[in-house]
Amino acid sequence: DKIIGWLNARKEQFLMMCDDIHQMLTEGREELKDHLGVRTFQVLRGLVIAAFFFGVVALMSEMF
């Protein structure tokens, strides 16, 4: 019973931590969108996704 209680407490603590991180990311994204403007934010988001994609492709081509 003590072990199950301990595991449940750790699970609850982990879920609360994940919720806090999600809230911080959401608030940060909204603040950045307000500061830069919606269009600029979307362009930067697209550039980050494209850079990640091209980085993965470059890494895979280097490995194989």
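Lysine 11 is exposed, with 53% of its relative accessible area showing. This is a predicted model, and lysine 11 makes a handy way in, since a good part of what follows is about the helix it belongs to. That helix is H1.

Right next door in the numbering, glutamate 12 also belongs to helix H1. Is glutamate 12 buried or exposed? Its relative accessibility is 51%, and the cut-off for exposed is over 50%, so glutamate 12 counts as exposed.

**Overall layout**

The fold is simple to list: 2 helices and 0 strands. The radius of gyration comes out at 19 Å, while the globule rule gives 11 Å for 64 residues, so the protein is more spread out than a compact globule. Measuring tape along the principal axes, so to speak, gives a C-alpha trace of about 50 × 40 × 10 Å. As for burial, just 2% of the 64 residues count as buried.

**Helix H1 and what follows it**

H1 has 35 residues, and from its first C-alpha to its last it reaches 51 Å. That is close to the 51 Å expected at 1.5 Å a residue. What comes just after H1? Glycine 37 does, and it takes a positive phi of about 100°.

Two C-alpha separations give a feel for the distances involved, each starting from one of the exposed residues above.

| Pair | Apart in sequence | C-alpha to C-alpha |
|---|---|---|
| Lysine 11 and leucine 32 | 21 residues | 32 Å |
| Glutamate 12 and glycine 37 | 25 residues | 37 Å |

**Where the helices meet**

Two packed helices are described by the angle between their axes and the distance between the axes. Here, H1 covers residues 2-36 and H2 covers residues 38-63; their axes come within 6 Å and cross at roughly 120°. H1 and H2 are therefore oblique to each other.

Which residues make the contact? On the H1 side they are Arg29, Leu32, Lys33 and Leu36, and on the H2 side Val38, Thr40, Phe41 and Leu44. Sorted by class, the contact of H1 with H2 has 5 nonpolar, 1 polar and 2 charged residues. The numbering pattern on each side is worth a glance too: an α-helix has 3.6 residues a turn, so residues three or four places apart point the same way.

Leucine 32 ties two parts of this report together: it is one of the H1 residues that meet H2, and it lies 32 Å from lysine 11, C-alpha to C-alpha.

Notes. Residues numbered from 1 in each chain as written. Predicted model: local features only at pLDDT ≥ 70, side-chain atom pairs only at ≥ 80, totals over all residues. Heavy atoms only, no water. Axes fitted to C-alpha atoms, helices over the stretch in contact; angles between N-to-C directions. Helix = DSSP H or I, 4+ residues; strand = E, 2+ residues; numbered from the N terminus. Parallel < 35°, antiparallel > 145°, perpendicular 65-115°, else oblique. Contact = heavy atoms within 4.5 Å. Nonpolar A, V, L, I, M, F, W, Y, C, P; charged D, E, K, R; others polar. Expected span 1.5 Å × (residues − 1). Rg over C-alpha atoms; globule rule 2.2 N^0.38 Å. Buried < 20%, exposed > 50% of the residue type's maximum accessible area, 1.4 Å probe, protein only.
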